[in-house]
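Trainee: I would like to learn how to read strand pairing and cores from a model. Where should we begin?

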Amino acid sequence: MYVETRVPLKEVMRVNPTTIEAEATVAKAAAHMCRDEVGSCIVLSGNVPIGIVSEQDMNCKVVARDLKPSSVYVRDIMSTPLITIELDKTVGEAAQMMIKHRVRRLPVVENGKVLGMVTVRDLLGVANELNEIMSDLIVINREENYAMGICDRCGKMSDDLTPMDAVMLCKECREEERLR
């Protein structure tokens with residue numbers, strides 16, 4: 001799949017992504033994620049983004065090991081290094097970066113400050129919208145299939161032949177056929 005590359009990232013990103021301090025517990029991060037209905041938190045040290053913690057991190061590194069979420073710190077389970085993308089980039093560049101780094105979420109930054117988040121789902125939404133628009137454009141721009149040649153019924157030369165019942169008919173013969 002190759003999505004339209006010139007769509008600005010700022011058009012599809014979600015602003016004000018969920019963040020959490022590295023010293024917070026996994027339980028607190030989970031509460032933030034539930035509150036905001038998201039699948040990840042960007043981990044900050046001060047105001048600097050240093051990692052990301054996702055539902056998968058929590059499941060695999062805490063729940064599956066039967067650890068207590070209120071006793072585990074986000075800094076201990078977060079995924080690093082944090083792969084980010086600059087605000088001035090495009091949807092195509094974000095998709096390529098996700099593929100290259102095998103990530104599903106990209107924090108969007110400007111001058112080191114997190115401004116938003118873009119996910120695979122966001123990019124797929126753009127691709128789906130573009131596909132629907134392209135499909136509509138194809139339908140409205142579809143030309144009738146006219147051909148030039150000899151009419152199979154009357155034998156006259158025509159530049160307005162159209163297939164009808166497996167034969168190519170000129171305009172006059174099509175009219176006669178419709179009247180039958």
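Mentor: Begin with a pair of strands: β3 and strand β4 (residues 48–54) are joined by six bridges in the antiparallel sense. Keep in mind that this is a predicted model.

Trainee: Which residue in β4 stands opposite Cys-41?

Mentor: Val-53 is the one opposite Cys-41. The two strands make a hairpin with two residues between them, and Gly-46 in the turn has a positive phi of about 75 degrees.

Trainee: How many residues of β3 are buried?

Mentor: Buried here means under 20% relative accessible area. Strand β3 (residues 40–45) has five of its six residues buried, so by that cut-off the strand is mostly covered.

Trainee: Which way does strand β2 run relative to β3, parallel or antiparallel?

Mentor: Strand β2 (residues 19–21) runs parallel to β3, and three bridges join them. One pair to look up is Ile-20 with its bridge partner Val-43 in β3. Between these two strands the chain passes through helix α1 (residues 26–36), and the β-α-β crossover is right-handed.

Trainee: What is the strand order in the open sheet of four strands?

Mentor: The order is β1-β7-β6-β5, with mixed pairing. To find the edges, look for strands that pair on one side only: these are β1 (14–15) and β5 (85–86). Strand β5 runs parallel to strand β6 (residues 105–110), with two bridges between them. Glu-86 stands opposite Val-109 in β6.

Trainee: Which helix packs on this sheet?

Mentor: Helix α4 (residues 91–101) does, touching β5, β6 and β7 (113–119). The direction of α4 makes about 130 degrees with that of β6.

Trainee: How should I think about cores?

Mentor: In soluble globular proteins, nonpolar side chains tend to be buried together. In this model the largest nonpolar core has 16 residues. Leu-9, Val-12, Leu-106, Val-108, Val-118 and Leu-123 touch the most other members. Two or more residues come from each of α4, β6 and α5 (120–141), and α4 gives the most, with four.

Trainee: Which residues is Val-118 in contact with, leaving aside its neighbours within four places in sequence?

Mentor: The contacts of Val-118 are Leu-9, Val-12, Met-13, Met-98, Arg-104, Arg-105, Leu-106, Val-108 and Leu-123.

Trainee: Where do Cys-41 and Val-53 belong?

Mentor: They are in a second, separate core of 15 residues, which also includes Val-62 and Ile-77. Cys-41 and Val-53 are also the opposite residues we met in the hairpin strands.

Note on methods: Residues numbered from 1 in each chain as written. Predicted model: local features only at pLDDT ≥ 70, side-chain atom pairs only at ≥ 80, totals over all residues. Heavy atoms only, no water. Pairing = 2+ DSSP bridges. Contact = heavy atoms within 4.5 Å. Axes fitted to C-alpha atoms, helices over the stretch in contact; angles between N-to-C directions. Buried < 20%, exposed > 50% of the residue type's maximum accessible area, 1.4 Å probe, protein only. Right-handed = clockwise from strand over helix to strand, strands pointing away. Core = buried A, V, L, I, M, F, W, Y, C linked by side-chain atoms within 4.5 Å.
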